[in-house]
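Colleague: Could you take a close look at one helix for me and walk me through what surrounds it? I'd like the cut-offs too, please.

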Amino acid sequence: AAVPRGTKAIVLSHEGPHFSFGASIEEHLPGNIAAALKKLGDLLRAIVTSPAPVIAAVRGQCLGGGLEVALACDMIVADETAQFGLPEIKLGVFPPAGAALLPVRIGAGRASELVLTGESWSASKAASAGLVRRVFTAGQLETSLEEWLESDFLPRSAVALRHATQAARRPVLRALEHDLPELERLYLNE
């Protein structure tokens, strides 16, 4: 959908107690995974090319493809119940988009911890690693996010935010354009 001119922020949120458990095991099967990776890649590019900052607002589980979607956003905020992880290694595969985007967001060493172990991080651990920008009290995500947006985004110029967003996204866009296709080839062919 087209974003109205002058939009200062887009919040990517969810209904229910969890952001996303990611793709199902069936979607990872050889006959399905190529189409699933393409759809995910298209969604990630749509987020990264949006004309306004995109903020992922996370409660509960944010795993696999769900975390990869959040990684394409400009910022992640979470309530204290949030859990972040890339469990693909436990299924005998790896997360191409997570492997491409996570090092850009938190550095190679921390990214390796999530990609190679499949463990989940709490909201506070994700914040200390630089993945999450704000952790809000459980049950207060929407209210706290609205207050934060009112103080940190709405007073800013929409034009300035648009240009600053484009500038800040350059490393993420490069990872999507250069690293992700190579990692998808590795995933599908090797």
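Modeller: Sure, let's start with the buried side of α7: its buried residues are Ala158, Leu161, Arg162 and Thr165. Buried here means under 20% relative accessible area, with exposed over 50% and partly exposed in between, using a 1.4 Å probe on protein chains only. These residues span an arc of only 100° around the axis, so they sit on the same side of α7; the arc is that of the directions from the helix axis to the C-beta atoms. That fits the usual geometry: an α-helix has 3.6 residues a turn, so residues three or four places apart point the same way.

Before going on, a word on the source: this is a predicted model, where local features need pLDDT of at least 70 and side-chain atom pairs count only at pLDDT 80 or more, while totals for chains, interfaces and linings use all residues. Residues are numbered from 1 along each chain as its sequence is written, and side-chain values use heavy atoms, leaving out hydrogens and water.

α7 covers residues 158-168; helices are DSSP runs (H or I, at least four residues), numbered from the N terminus. Its N-terminal end is capped by serine 157, with a side-chain oxygen 3.2 Å from the backbone nitrogen of valine 159.

Now zoom in on threonine 165, which counts as buried because its relative accessibility is 7%. Its side chain reaches back to the backbone oxygen of leucine 161 at 2.6 Å, a polar contact (N or O atoms within 3.5 Å, within protein one able to donate a hydrogen and the other to accept it; residues adjacent in sequence count only if both atoms are side-chain atoms). Leaving aside residues up to four places away in sequence, threonine 165 touches Ala52, Pro53 and Asp74, where contact means heavy atoms within 4.5 Å.

Threonine 165 also takes you to the second largest pocket: 13 residues line this pocket, and Asp74, Met75, Thr165, Ala168 and Arg169 lie nearest its centre. A pocket, on a 1 Å grid over the protein atoms alone, is an open set of points where a 1.4 Å probe fits, with protein on both sides within 12 Å along at least five of seven lines; lining residues have an atom within 4 Å of a point. The space in the second largest pocket is about 220 Å³, counted as that filled by probe spheres set on the points. α3 (96-106), α7 and α8 (170-189) each give at least two residues to its lining, and α7 has the largest share, 4 residues.
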